[in-house]
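Student: I would like to learn how to read a few features of a protein model. Can we work through one case?

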Amino acid sequence: MEQKAGMPPTVERFVCPGKGNGLRATARISRGQLVTSAEPLASCVSGIKYIFFSLLSRQETLLRCSQCKMARYCNAACQKQAWYGHKRECKCLRRLLPRIPTDSVRLAARLRFALFYILADLNLMSEQKKQGLSQLASMLELYVQQEEDSDLTQEVTSALPTSCRDPLSLIAKVGEMNIKPILLSVAQDKKHIEVLSLLNHDCRPNCVMVFEGERLQLRAVQDIRPKDEDCCSFSLILVPVDWPALLESCCNLLSAAGAELPDENLYKLRVTDMALDAAVQLGQWEEALRYGMKTLPAYRFFYPDPHPVHGVQLMRVGKLQHYLEHLEDALDTFKEAFTIMRMTHGDGHPLTSDLRMKMEECRLEMSGRH
């Protein structure tokens with residue numbers, strides 16, 4: 001098959017029987033190798049009260065926008081760099097306060113402000129789904145139409161493709177991205193959008209998607225031969241809110257299930273994982289570690305190595321062991337996580353560097369004891 005311009009030299013588009021379009025290797029790709037990466041044209045941090053432009057950076061204090069009071073920056077340079085993209089959003093936020101738009105509305109507005117071209121036409125959807133999206137679409141229209149420059153609104157609307165001019169259509173597009181996380185890899189280079197959107201799902205993937213800051217990376221986690229299809233595993237993330245109630249419900253469910261269900265049962269794993277999250281949020285560290293240890297055999301079963309989900313879970317459990325001064329156990333857990341994540345994330349990724357630091361901390365503290 002002829003190589004398309006703009007695609008990485010190691011992959012090509014092809015028609016996959018039973019799946020439609022797909023992505024396959026044109027040359028040997030070694031496990032741990034970076035296949036491609038993409039920079040998003042629009043993004044937002046989910047599930048928070050503030051808008052962060054210092055994404056994934058660690059700062060003791062953050063600067064805030066003096067006008068909307070919601071945007072946060074790591075330093076003055078970050079604030080200056082972000083102002084071009086924030087200035088329209090800033091005025092929308094000020095006019096809408098004290099109401100705060102949802103994540104989907106904020107992302108859709110940023111796409112609209114950026115004159116972002118969505119690749120596919122809006123798929124047909126049921127009337128029930130349209131009604132469910134109408135409330136979000138109304139908020140988007142209210143949020144965007146109050147932007148200070150009415151001429152700009154007209155300019156933005158005319159620049160968008162027909163399928164994205166209607167607020168409901170744009171909200172639906174964002175909804176599709178939430179269902180298929182692979183589509184969050186919208187990039188300024190349109191050719192890279194095509195590459196990433198061609199990936200099909202596999203429960204035993206040979207590629208994984210990880211983020212370094214805002215940049216999405218596609219890495220091989222298995223050796224891939226020429227003509228093998230490149231596949232990823234799609235997943236959804238739920239964010240619970242009422243942590244005490246959630247922990248109580250999880251405890252009751254796990255107690256009722258008892259030993260009749262093995263820890264590897266998928267539904268029992270989900271409940272145990274939510275109990276772990278709730279215990280961490282509530283500062284119940286011993287309880288959190290107990291739940292975390294129960295999840296590891298199931299994570300190893302459902303996410304065979306190397307898989308970033310298993311690596312991150314090991315890292316979480318290792319941090320709990322480290323905090324509770326189970327140093328030998330923590331070091332072993334961090335080592336296992338490091339073996340996985342240097343393959344799935346690369347040696348230069350912040351999480352991989354964090355694991356190196358955690359292992360060194362464990363070694364120093366253990367030598368101090370002796």
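Tutor: We go from the whole chain to one helix and then to one residue. Keep in mind that this model is predicted.

Student: How many helices and strands does the chain have?

Tutor: The secondary structure comes to 12 helices and 10 strands. Of the 370 residues in the chain, 42% are buried. The accessible surface is about 19,800 Å², and carbon and sulfur atoms hold 53% of that surface. Among contacts with a separation of 6 or more, 66% join residues 24 or more positions apart.

Student: What span does helix H9 reach from its first C-alpha to its last?

Tutor: A helix can be checked against its expected span. H9 covers residues 285-302, which is 18 residues, and reaches 25 Å, close to the 26 Å expected at 1.5 Å a residue.

Student: Where does H9 bend?

Tutor: At leucine 296, by about 30°, with proline 297 following within four residues. Leu296 is also one of the buried residues of H9, which include Ala288, Tyr291 and Gly292.

Student: What covers the buried residues of H9?

Tutor: The cover includes helices H7 (243-257), H8 (266-281) and H10 (308-323).

Student: Why does leucine 63 count as partly exposed?

Tutor: The class follows from relative accessibility. Partly exposed lies between the cut-offs of 20% and 50%; leucine 63 is in this class because its value is 38%. Leucine 63 lies in strand E5, residues 63-64.

Student: Which residues does leucine 63 touch, beyond those up to four places away in sequence?

Tutor: Ala71, Arg72, Tyr73, Asn75, Ala76 and Gln79. For tyrosine 73, 10 residues along the chain from leucine 63, the C-alpha separation is 5.0 Å.

Conventions. Residues are numbered from 1 along each chain as its sequence is written. This is a predicted model: local features need pLDDT of at least 70, side-chain atom pairs count only at pLDDT 80 or more; totals for chains, interfaces and linings use all residues. Side-chain values use heavy atoms; hydrogens and water are left out. Helices (H or I, at least four residues) and strands (E, at least two) are DSSP runs, numbered from the N terminus. Buried means under 20% relative accessible area, exposed over 50%, partly exposed in between (1.4 Å probe, protein chains only). Contact means heavy atoms within 4.5 Å. The expected span of a helix is 1.5 Å times one less than its number of residues. The bend at a residue is the angle between axes fitted to the seven residues ending there and the seven starting there. Accessible areas come from the Shrake-Rupley method with a 1.4 Å probe; for residues, only the protein chains shown count as cover.
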